[in-house]
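Notebook open, coffee poured. I'm going through this one piece by piece and jotting down what I look up as I go.

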Amino acid sequence: MGPVIALVPAAGRGVRLGATEPKAFVAVGGRPMLGLAVDGLLATGMIDQVIVMVPAELVDRAVALLPPSPLVRVVVGGVERIDSVRAGLAAAADAGYVLVHDAARALTPPDLIARVIAELRAGHPAVVPVLPVVDTVKSVDRAGTVTGTPDRATLRAVQTPQGFAADLLRTAYATPGIATDDAGLVEQLGVPVRTIPGDPLAFKITTPLDLRLADAVLTAADSSVVGNL
């Protein structure tokens with residue numbers, strides 16, 4: 001059915017994180033997010049190649065921090081995330097399936113990644129991991145006035161990696177449209193997107209509080225390993 005290639009956009013500046021460097025290079029538990037994210041992908045044993053997209057000036061730095069593996073490539077990304085994914089798709093010409101994974105979801109368990117791939121190989125052209133929305137959600141107008149309260153039973157928070165048949169994702173990126181994630185572009189083609197249960201550990205590290213939580217999770221995990229020795 002073709003190789004499984006993971007694309008990791010890593011050009012975000014991390015403004016909301018308050019970092020002085022690109023977010024993917026910020027350390028979590030002593031290691032850059034990008035390295036943790038790539039390690040998680042490789043740990044599945046189901047990825048044929050990982051392609052990381054970074055700004056031109058950070059290519060050498062990314063190569064230095066990633067594992068020296070023939071399965072990992074670093075290419076120049078674009079100004080916007082959508083441009084970076086396009087660059088990754090261009091570098092993944094032989095892909096049968098494509099995963100798009102946020103470097104900022106650095107703690108994503110390999111098991112979740114493997115389940116996305118399994119669903120793709122089972123014949124689903126688009127697969128995304130999701131979690132139920134636990135908070136009440138309001139829609140508001142530009143003045144900040146509430147205009148409605150969606151039924152949260154029908155809402156899901158979407159995570160990554162998002163998986164696609166490669167030809168489908170190429171078509172989605174070649175078709176004019178605006179969306180906040182890759183699955184949104186596929187939805188605009190009228191293609192059903194399958195959801196699978198996500199994992200709380202696949203949260204996106206966006207704010208300083210997220211970073212503290214990720215550090216605490218890794219510290220607790222390290223303590224558990226030491227305690228079991």
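**Entry 1: a loop residue.** Reminder to self before anything else: this is a predicted model. I started at Thr206, which touches Arg16, Leu17 and Lys23 once residues up to four places away in sequence are set aside. Thr206 sits in the loop between β12 (194-197) and α7 (208-227). Buried or exposed, I wondered, for Thr206? The relative accessibility of Thr206 is 12%, and the cut-off for buried is under 20%, so I put Thr206 down as buried.

**Entry 2: strand β1.** Next I looked at β1, residues 4-9, where 6 of 6 residues are buried. I checked which way the side chains go: Val4, Ala6 and Val8 point one way from β1, while Ile5, Leu7 and Pro9 point the other way, and all of them are buried.

Then I looked up the pairing partners of β1. The strand runs parallel to β6, with 4 bridges joining the two. β1 also pairs with β4 (residues 49-54), again in the parallel sense, over 5 bridges. Ala6 is a handy marker here: its bridge partner in β6 is Leu99, and in β4 Ala6 stands opposite Val50.

**Entry 3: strand β11 and the turn into it.** I followed β6 on to β11, and these two pair in the antiparallel sense over 4 bridges. One bridge I noted there puts Val100 with Gln162 of β11. β11 also pairs with β7, antiparallel too, over 2 bridges. For that pairing I wrote down Val127, whose bridge partner in β11 is Gly163.

While there I checked the peptide bonds. The bond joining Thr160 and Pro161 is cis, with omega about 10°. Pro161 lies in the loop between β10 (156-158) and β11.

**Entry 4: helix α5.** What does α5 (residues 166-174) bury? My list has Ala166, Leu168, Leu169, Ala172 and Tyr173. Looking down the axis of α5, I get these buried residues within an arc of 160°, so they line one face of the helix. Asp167 and Ala174 are on the other side of α5, and they are exposed.

I then asked what the buried residues of α5 pack against. The answer is α3 (81-91), β6 (97-100), β7 (126-132), β11 (162-165) and α6 (182-187).

**Entry 5: Asp182.** An aspartate caught my eye next: Asp182, in helix α6. I looked up its accessibility, and with a relative accessible area of 1% Asp182 is buried. Who are its contacts? Leaving aside neighbours within four places in sequence, Asp182 is in contact with Arg81, Val85, Val100, Gln162, Phe164, Leu169 and Tyr173. Two of those names were already in my α5 list as buried, namely Leu169 and Tyr173. Val100 and Gln162 had also come up, as bridge partners.

**Entry 6: helix α1.** I moved on to α1 (residues 33-42) and Ala37 in it. The helix is mostly covered, with 8 of its 10 residues buried. My list of them reads Met33, Leu34, Gly35, Leu36, Ala37, Val38, Gly40 and Leu41.

Ala37 itself comes out at 2% relative accessibility, so it counts as buried. I ran a C-alpha distance from Ala37 to Ala106: 4.4 Å, for a pair 69 residues apart along the chain. Beyond residues up to four places away in sequence, Ala37 touches His101, Asp102, Ala103 and Ala106.

**Entry 7: the largest pocket.** Last job was empty space. Rolling a probe the size of a water molecule over the atoms shows where such space is left. The largest pocket holds about 900 Å³. It is lined by 35 residues, and the closest to its centre are Pro9, Gly12, Arg81, Asp102 and Lys204. Several names return from earlier entries: Pro9 from β1, Arg81 from the contacts of Asp182 and Asp102 from those of Ala37.

Which elements give two or more residues to the lining? I found α3 and α6. α3 gives the most, with 3 residues. By class I have 15 nonpolar, 10 polar and 10 charged residues in the lining.

Conventions:
Residues are numbered from 1 along each chain as its sequence is written. This is a predicted model: local features need pLDDT of at least 70, side-chain atom pairs count only at pLDDT 80 or more; totals for chains, interfaces and linings use all residues. Side-chain values use heavy atoms; hydrogens and water are left out. Buried means under 20% relative accessible area, exposed over 50%, partly exposed in between (1.4 Å probe, protein chains only). The arc is that of the directions from the helix axis to the C-beta atoms. Contact means heavy atoms within 4.5 Å. On a 1 Å grid over the protein atoms alone, a cavity is a set of points where a 1.4 Å probe fits but cannot get out, and a pocket is an open set with protein on both sides within 12 Å along at least five of seven lines; lining residues have an atom within 4 Å of a point. Grid points are joined across faces, edges and corners, and a volume is the space filled by probe spheres set on the points. Ala, Val, Leu, Ile, Met, Phe, Trp, Tyr, Cys and Pro count as nonpolar, Asp, Glu, Lys and Arg as charged, and the others, Gly among them, as polar. Two strands pair if DSSP finds at least two bridges between them.
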